[in-house]
Amino acid sequence: RDSQGASLGKSLFGMRVIGKDGREATTGARVLRNLLFAIPAFIMIVPILGHILGSFLAFIIVITELVSLLASGERLGDKLANTVVIKTK
C-alpha cells in the first residue's frame, strides 16, 4: 500500500501521501503509516488462536484509527509516520 505515494484508492480519487513538511513521504514513512494494519495479518499466521487474536486486534486497530480520524481528521498511522494525505487534482 502507498508504495508509490498512493494506494489504488488514493490514485482513483486523486490523492497521495506526503510528509507533513510538504516533501515526498519516504518509503519508511509510508511503511510505518500502514504498519498497524500488517500486525494482525502476521498474528494470523498462527493456526486457530492467531486467527482469533488477529481478528480481535484488527477490529481494535480499525476502531482506533476511525476514532482518531473523526476526532482529529488524521489517522493514527499518519501521526506515527508524520505524514498527511493530500488531494492532487
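Trainee: What makes the contact between the side chains of R33 and D78 a salt bridge?

Mentor: Good place to start, and keep in mind that this is a predicted model. The N to O distance for R33 and D78 is 2.7 Å, and the cut-off is 4 Å, so the pair counts as a salt bridge. R33 sits in helix 2 and D78 in helix 4, 45 residues apart. Both R33 and D78 are buried.

Trainee: Why is E74 called buried, and why is K20 called partly exposed?

Mentor: E74 has a relative accessible area of 18%, and buried means under 20%, so the label fits. K20 has 42%, which lies between the 20% and 50% limits and therefore makes K20 partly exposed. These two residues form a salt bridge as well, with their closest N and O atoms 2.6 Å apart. E74 lies in the loop between helix 3 and helix 4, while K20 lies in the loop between strand 1 and helix 2.

Trainee: Why are helix 2 and helix 3 described as roughly antiparallel?

Mentor: Their packing angle is about 170°; angles over 145 degrees count as roughly antiparallel, so the description holds. The helix axes are 7 Å apart. Among the residues making the contact are L36 and F37 of helix 2 and L53 and L57 of helix 3. By type, the contact residues divide into 10 nonpolar, 2 polar and 1 charged.

Trainee: Which element has the highest mean pLDDT, and which the lowest?

Mentor: Helix 3 has the highest, at 95, and helix 1 the lowest, at 84. The chain as a whole averages 91.

How values were computed:
Residues are numbered from 1 along each chain as its sequence is written. This is a predicted model: local features need pLDDT of at least 70, side-chain atom pairs count only at pLDDT 80 or more; totals for chains, interfaces and linings use all residues. Side-chain values use heavy atoms; hydrogens and water are left out. Axes are lines fitted to C-alpha atoms, for helices over the stretch in contact, and angles run from 0 to 180 degrees between N-to-C directions. Helices (H or I, at least four residues) and strands (E, at least two) are DSSP runs, numbered from the N terminus. Contact means heavy atoms within 4.5 Å. Ala, Val, Leu, Ile, Met, Phe, Trp, Tyr, Cys and Pro count as nonpolar, Asp, Glu, Lys and Arg as charged, and the others, Gly among them, as polar. pLDDT is the predictor's confidence in each residue, from 0 to 100. Buried means under 20% relative accessible area, exposed over 50%, partly exposed in between (1.4 Å probe, protein chains only).
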